[in-house]
Amino acid sequence: MATDVTARFRYNAAMPIAAFVALCGTVPLTVAGWPFAFVLLIPFAVLVWGWRAGVDVRGGRLVVRWPVGSRTIEPADIRGFTITHRRVSAVLADDRAVWLPAVPGTRVPVLAEALGLRVAGAPAAAEADDEGPGEPAEQAADTAADEVTASDEATASDEATVSDEGAASDDDAAPATGAGARPSTPAR
């Protein structure tokens with residue numbers, strides 16, 4: 001069954017690996033006595049959760065996978081997305097929310113784009129194409145060059161002040177603009 005997966009969201013692979021290590025560590029408890037057998041269930045449940053849970057976009061549909069079962073949601077049924085307490089949910093047309101495991105809030109625009117939806121506040125594709133491909137990089141380079149020049153001028157004036165006054169005390173120290181200090185950037 002070959003399906004086109006446009007986007008895939010999964011938990012970090014460290015989660016099931018750590019659960020497997022914990023599962024191996026709990027085996028001696030089970031050997032020590034059967035009353036401890038329930039302890040095996042905890043790392044096993046985390047292993048299955050980390051391995052199976054996630055979200056896929058297949059064939060233009062949202063597939064939400066849980067450790068036991070999955071659910072397919074059509075993009076037409078999705079009214080929007082909500083982000084609460086680091087959890088992303090899809091709000092359906094009937095006002096029900098479906099939690100999307102392994103989808104971080106910063107990746108909602110990628111999920112929406114894969115489904116063919118538009119996120120409110122995100123620039124449209126046509127608006128993004130109006131900017132030249134090199135313009136943002138050129139602006140960033142110009143800004144960085146201006147900051148370096150301003151930093152060098154400030155350092156030179158501070159050195160001139162110190163040499164004019166003779167020895168400077170710690171109370172007269174200027175703000176750090178030299179090695180290791182980052183010049184402040186103007187708000188955009």
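**Group meeting: a walk through the model**

Okay, let's start with one residue, threonine 30, which sits in helix α1, the helix covering residues 14-32. Before I go further, please keep in mind that this is a predicted model. So, is threonine 30 buried or exposed? Its relative accessibility is 10%, and because the cut-off for buried is under 20%, threonine 30 counts as buried. As for its neighbours, leaving out residues up to four places away in sequence, threonine 30 touches Phe36, Ala37 and Leu40.

Let's stay on helix α1 for a moment. Phenylalanine 20 lies in that helix too, and at 46% relative accessibility phenylalanine 20 counts as partly exposed. Phe20 also belongs to a nonpolar patch on the surface, along with Ile17 and Val21. Together those three residues have about 310 Å² of accessible area. Then there's cysteine 24, again in helix α1. Cysteine 24 is partly exposed, at a relative accessible area of 42%. How far apart in space are cysteine 24 and phenylalanine 44? Going C-alpha to C-alpha, it's 9.9 Å, with their positions 20 residues apart in sequence.

Now let's zoom out to the whole chain. The protein chain has five helices and seven strands. If you read the elements from the N terminus on, you get β-α-α-β-β-β-β-β-β-α-α-α. In other words, a strand comes at the start, then two helices, then a run of strands, and the chain's list of elements ends with helices.

There are 188 residues in the chain, and 23% of them are buried. The accessible surface comes to about 13000 Å², and 59% of that belongs to carbon and sulfur atoms. And here's a number about the fold: take the contacts with a separation of 6 or more, and 48% of them are between residues 24 or more positions apart.

Next up, the core. How many residues does the largest nonpolar core have? It has 18, and the ones with the most contacts inside it are Val55, Val57, Leu62, Ile73, Leu100, Val103 and Leu111. Several elements give two or more residues to this core: β1 (5-10), β2 (54-58), β3 (61-65), β6 (87-92) and α3 (108-115). Which element gives the most? That's α3, with four residues.

If you want one residue to click on in there, try leucine 111. Not counting residues up to four places away in sequence, leucine 111 touches Phe9, Val55, Val57, Leu62, Phe81, Leu100 and Val103.

Let's move on to charges. Side chains of opposite charge can pair when their charged atoms come close. In this structure there are six salt bridges, and I'll go through three of them.

In one, the side chains of arginine 8 and aspartate 56 meet, at 3.5 Å from N to O. This pair links distant parts of the chain, with arginine 8 in strand β1 and aspartate 56 in strand β2, 48 residues apart. Aspartate 56 also meets arginine 10 in a salt bridge, at 3.0 Å from N to O. Arginine 10 is in strand β1 and aspartate 56 in strand β2, so this pair ties together parts that are 46 residues apart in sequence. Arginine 10 counts as partly exposed, at 26% relative accessibility, whereas aspartate 56 is buried, with a relative accessible area of 0%.

The third one is between the side chains of arginine 61 and glutamate 74, at 3.2 Å from N to O. Arginine 61 lies in strand β3 and glutamate 74 in the loop between β4 (70-73) and β5 (78-84), so the pair ties together parts 13 residues apart in sequence. Both partners are partly exposed: arginine 61 has a relative accessible area of 38%, and glutamate 74 has 36%.

Which residues end up in one network through salt bridges that share partners? Those are Arg8, Arg10, Asp56 and Arg58.

Let me finish on aspartate 56. Its side chain makes a polar contact of 2.8 Å with the side chain of arginine 58, and there's another of 3.0 Å with the side chain of arginine 10. Beyond residues up to four places away in sequence, aspartate 56 touches Ala7, Arg8, Phe9, Arg10, Arg61, Leu62, Val63 and Arg65.

That's my tour, thanks for listening.

Definitions and conventions
Residues numbered from 1 in each chain as written. Predicted model: local features only at pLDDT ≥ 70, side-chain atom pairs only at ≥ 80, totals over all residues. Heavy atoms only, no water. Core = buried A, V, L, I, M, F, W, Y, C linked by side-chain atoms within 4.5 Å. Buried < 20%, exposed > 50% of the residue type's maximum accessible area, 1.4 Å probe, protein only. Contact = heavy atoms within 4.5 Å. Areas by Shrake-Rupley, 256 points an atom, 1.4 Å probe, with all protein chains shown as cover. Patch = residues over 30% accessible without salt bridge, like charges linked within 9 Å, V, L, I, M, F, W, Y side chains within 5 Å. Salt bridge = Lys/Arg side-chain N within 4 Å of Asp/Glu carboxyl O. Polar contact = N/O pair within 3.5 Å; in protein donor to acceptor, adjacent residues only side chain to side chain.
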